[in-house]
Amino acid sequence: MAEFLKLKKTNCKNCYKCIRHCPVKSIRFSGNQAHIVADECILCGRCYVFCPQNAREIVDEIELTEVLLGGDQPVIASVAPSFRAYFEGIGFEALKDALLKLGFAGAEETALGATMVKREYERLLKEGSRDVIITSCCHTVNLLIEKYFPSLLGCLAPVKSPMQAHCEDIKRRVPGAATVFIGPCLSKKDEAYSASIDAALTFDELSTMLARQGITLEKSANKGAQAGEGRARMFPVAGGIIGSMTYKNPDFTYLTVDGIDNCIAVLRDLESGGLSRCFVEMSSCTGSCIGGPIMEKYRNLPVRHYCAVVSYAGERDFDLPQPDPSALYIERLARVPKRETPTEEEIAEIMRKMGKLSPANILNCGTCGYDTCREKAIAIWQGKAEISMCLPYLMEKSERFSNNILDNTPNGILVVNESLEVQDINPAAMRMLNISHKSDVLGEPVVRIMDPSPFLDALEGKKPVQGKMSYFAEYGRYLEQTMVYDRTSGCVILLLRDVTEEEKERAKKAELSRQTIETADRVVERQMRIVQEIASLLGETVAETKIALTKLKESVEHDGQ
């Protein structure tokens with residue numbers, strides 16, 4: 001299958017909404033990006049419609065169409081009857097004039113092909129050889145049966161879609177012509193590709209082309225291309241196929257099924273043998289084609305759109321020749337995706353890794369996009385999902401991780417809300433503040449355990465507290481405080497570090513230093529006294545020595561005379 005839905009990686013926010021809405025879970029997550037598994041996809045467009053970040057883009061075929069229009073071959077548009085819902089108040093003639101201005105050689109309503117298909121359904125009903133007939137107009141339904149309900153291929157009408165029937169009829173009538181289908185559907189791009197239809201545009205793409213050329217559609221009140229004709233214009237509304245039929249086999253029950261979930265439910269019922277002798281009009285979109293992906297995402301007005309389409313339909317069929325049944329016949333083959341299934345032991349091991357160790361852990365909450373934890377485990381084994389996609393697992397892991405940090409950090413942590421009520425406290429803070437049980441303070445005013453002034457200052461946006469050391473006499477502790485106000489959560493977080501021992505050690509050192517200084521002062525003072533005493537004794541000795549020497553000198557001089 002060619003790729004008709006692209007992923008804008010920068011927009012993909014890992015929200016899993018696409019997988020939640022994908023009816024066949026054909027999305028693979030890798031590197032936190034949601035990739036479509038083409039072989040499993042049925043092109044229902046649910047991921048495109050529901051992506052909140054517009055990470056899905058329908059492949060644009062405007063350039064391809066412009067290349068065709070610039071070529072030598074005539075290009076004729078086949079316009080789906082749901083145009084009345086998208087282009088409100090616009091008649092087909094006005095739309096045709098706009099297409100001619102774009103360079104199309106002609107434009108016709110796909111309702112012509114729908115008339116041929118409807119008549120072929122009536123022929124099958126008259127024949128009555130089939131027990132169950134499922135309409136083949138919706139390509140997504142066809143893909144759903146081919147890929148996921150291959151046992152029901154015999155129930156799917158072997159009839160081409162209105163788009164295929166009409167475009168092939170155009171090419172028979174206009175040899176060498178190229179055809180471009182225009183409608184509200186994503187899957188028609190794939191059907192056009194496989195049916196050799198030259199291009200398929202959405203109504204949104206056509207609007208872009210008209211805007212670029214400055215072409216304005218003129219509103220008109222005309223009922224139809226030809227008065228009274230065009231019953232098959234009802235095809236795009238729920239029940240429109242059955243409502244347009246002029247023959248109904250009385251032995252059959254006629255059912256209208258719209259919406260992909262309802263389609264799957266009916267197909268499962270058929271698989272189990274729950275239905276017989278019935279004609280099932282089946283459309284993957286809620287409300288049928290007027291609820292197509294383009295319509296649902298941008299212009300979802302189901303009642304108004306239903307009225308616009310039905311009021312435009314005629315009371316009788318278009319007057320056109322019916323091709324031979326062989327020209328409308330198509331053989332549909334099973335295209336079951338190749339998917340291996342893990343053993344029960346492998347599933348159990350993945351469940352264990354996901355933390356699903358008991359029935360109480362198996363929540364089947366669906367936040368990962370899968371209906372059950374078991375389906376998620378299988379997808380992980382198949383490489384389509386990751387364990388981290390499990391929200392309860394992530395929350396439990398995150399909570400366990402944060403609790404380990406809070407419970408084992410030596411720092412105290414106290415969380416207070418804007419009403420100054422205690423929201424959380426860790427064991428370290430409980431020890432510091434002499435709190436026996438956590439429940440004693442949770443929800444209580446913080447004033448019960450400490451001064452609320454710093455918390456008020458933090459809430460009022462005053463200078464934050466950073467490494468402030470205070471003595472808490474009631475607890476006999478010195479605590480270093482750092483306070484942070486988290487505006488997002490509306491909480492004030494107080495970090496406490498017990499520095500009591502450090503303060504005691506610092507006080508000891510200070511006392512030792514004081515004592516050392518005093519001792520040094522006493523030693524210096526004593527030494528000074530000793531020096532002074534020595535100096536005094538030395539002075540007396542010198543004086544006596546001087547006197548003795550003087551006397552000795554005088555005696556020696558006297559003896560010499």
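**Note on two pockets and one buried glutamate**

1. The largest pocket has 28 lining residues, and those nearest its centre are Pro-23, Val-24, Lys-25, Arg-268 and Glu-375. Four elements each give two or more residues to this lining: α1 (17-21), α7 (139-148), α12 (260-271) and α17 (373-381). Please keep in mind that this is a predicted model.

2. Helix α12 supplies the largest share of the lining of the largest pocket, at 5 residues. By type, the lining of this pocket holds 12 nonpolar, 7 polar and 9 charged residues. The space in the largest pocket comes to about 780 Å³.

3. The second largest pocket holds about 230 Å³ of space. It is lined by 15 residues, and Tyr-48, Glu-57, Ile-58, Asp-204 and Tyr-298 are the closest to its centre. Strand β4 (56-58) and helices α10 (203-212) and α13 (293-298) each give two or more residues to this lining.

4. What is the make-up of the lining of the second largest pocket, by nonpolar, polar and charged residues? The split is 5 nonpolar, 3 polar and 7 charged.

5. Glu-205 sits in helix α10. Is Glu-205 buried or exposed? Its relative accessibility is 7%, so Glu-205 counts as buried, the cut-off for buried being under 20%.

6. The side chain of Glu-205 comes to 2.6 Å from the backbone nitrogen of Glu-61. Leaving aside residues up to four places away in sequence, Glu-205 touches Val-59, Asp-60, Glu-61, Ile-62, Lys-189 and Ala-200. Glu-61 thus appears both as a touching residue and as the owner of that backbone nitrogen.

How values were computed:
Residues numbered from 1 in each chain as written. Predicted model: local features only at pLDDT ≥ 70, side-chain atom pairs only at ≥ 80, totals over all residues. Heavy atoms only, no water. 1 Å grid on protein atoms, 1.4 Å probe; cavity = no way out; pocket = protein on both sides within 12 Å on 5 of 7 lines; lining within 4 Å. Points joined across faces, edges and corners; volume = space filled by probe spheres on them. Nonpolar A, V, L, I, M, F, W, Y, C, P; charged D, E, K, R; others polar. Buried < 20%, exposed > 50% of the residue type's maximum accessible area, 1.4 Å probe, protein only. Polar contact = N/O pair within 3.5 Å; in protein donor to acceptor, adjacent residues only side chain to side chain. Contact = heavy atoms within 4.5 Å.
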